[in-house]
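Subject: Structure handover

Hello,

Here is the structure I said I would pass on. My notes on what turned up in it follow below.

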Amino acid sequence: MQMDWVEDARCRGIDAERFFVRGAVKARKAIRVCERCEVRDACLEYALEHDVDFGVWGGLTERQRRAERRSRVGAVG
């Protein structure tokens, strides 16, 4: 999967540590950056396809992405 979407990411230029945090309060701050991002879907798909286990990607935490993976597997099977 190409990562052309990165050039248009709203988080581009923001310290990456802001997206690799522990705790709901800090995660919500990162998620707010994602909420209005034009490439949020592409970012999420990248994280899901590459089994990214940590950080906020596409507006979802690692726990939320695990749930998303399970729901997609359930929808297919």
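Glutamine 64 is a convenient place to start: with a relative accessible area of 36%, this residue is partly exposed. Please keep in mind throughout that this is a predicted model. Glutamine 64 belongs to helix α3. Apart from residues up to four places away in sequence, glutamine 64 touches Ile31 and Gly59.

Threonine 61 sits in the loop between α2 and α3. Its relative accessibility is 16%, so threonine 61 counts as buried, the limit for that class being under 20%. Once neighbours within four places in sequence are set aside, the contacts of threonine 61 are Ala27, Ile31, Gly55 and Val56. Ile31 is thus a name to look for twice, since it is touched by glutamine 64 and is in contact with threonine 61.

Two aspartates

Aspartate 51 is also placed in the loop between α2 and α3. Its phi is near 50 degrees, which is a positive value in a residue other than glycine. At 48% relative accessibility, aspartate 51 counts as partly exposed.

Aspartate 41 is part of helix α2. Its relative accessibility of 60% puts aspartate 41 among exposed residues. The C-alpha atom of aspartate 41 is separated by 6.0 Å from that of glycine 58, although the two residues are 17 residues apart along the chain.

Cysteines

How many disulfides does the structure hold? The number is zero. A disulfide is a covalent bond between the sulfur atoms of two cysteines. For cysteine 11, the closest cysteine sulfur is in cysteine 43, at 6.2 Å, and that is too far for a bond; the cut-off is within 2.5 Å. Cysteine 37 is in no disulfide either, as the nearest cysteine sulfur, that of cysteine 11, is 6.2 Å away. As for accessibility, cysteine 11 is partly exposed, with a relative accessible area of 32%, whereas cysteine 37 counts as buried at 14%.

Aromatic residues

A search of the whole structure gives four aromatic pairs. One of them is formed by phenylalanine 20 and tryptophan 57, whose ring centres are 6.4 Å apart and whose planes are at 80 degrees, so this pair is edge-to-face. Phenylalanine 20 is in the segment before α1 and tryptophan 57 is in the loop between α2 and α3, so the pair ties together parts that are 37 residues apart in sequence. Are the two partners buried or exposed? Phenylalanine 20 counts as partly exposed, at 35% relative accessibility, while tryptophan 57 counts as buried, at 17%. Both residues belong to one aromatic cluster, which is made up of Trp5, Phe20, Tyr46, Phe54 and Trp57.

Pockets

The largest pocket has a volume of about 330 Å³. It is lined by 22 residues, and the closest of these to its centre are Ala9, Cys11, Phe19, Cys43 and Trp57. The elements that give two or more residues to this lining are α1 (24-35) and α2 (40-49). By type, the lining of the largest pocket consists of 16 nonpolar, three polar and three charged residues. Some residues described above return here: Cys11 and Cys43 are the pair whose sulfurs are too far apart for a bond, and Trp57 is the partner of phenylalanine 20 in the edge-to-face pair.

The second largest pocket has a volume of about 190 Å³. Its lining is formed by Val21, Arg22, Gly23, Ala24, Ala27, Gly55, Val56, Thr61, Glu62, Arg63 and Arg66. Here the elements that give two or more residues are α1 and α3 (62-76). Which element gives the most to this lining? That is α3, with three residues. This lining divides into four nonpolar, three polar and four charged residues. Threonine 61 is one of the lining residues, and so are Ala27, Gly55 and Val56, which are among the residues in contact with threonine 61.

That is what I have for now.

Regards

Conventions: Residues numbered from 1 in each chain as written. Predicted model: local features only at pLDDT ≥ 70, side-chain atom pairs only at ≥ 80, totals over all residues. Heavy atoms only, no water. 1 Å grid on protein atoms, 1.4 Å probe; cavity = no way out; pocket = protein on both sides within 12 Å on 5 of 7 lines; lining within 4 Å. Points joined across faces, edges and corners; volume = space filled by probe spheres on them. Helix = DSSP H or I, 4+ residues; strand = E, 2+ residues; numbered from the N terminus. Nonpolar A, V, L, I, M, F, W, Y, C, P; charged D, E, K, R; others polar. Buried < 20%, exposed > 50% of the residue type's maximum accessible area, 1.4 Å probe, protein only. Phe/Tyr/Trp six-rings, centres within 6.5 Å; stacked < 30°, edge-to-face > 60°. Contact = heavy atoms within 4.5 Å.
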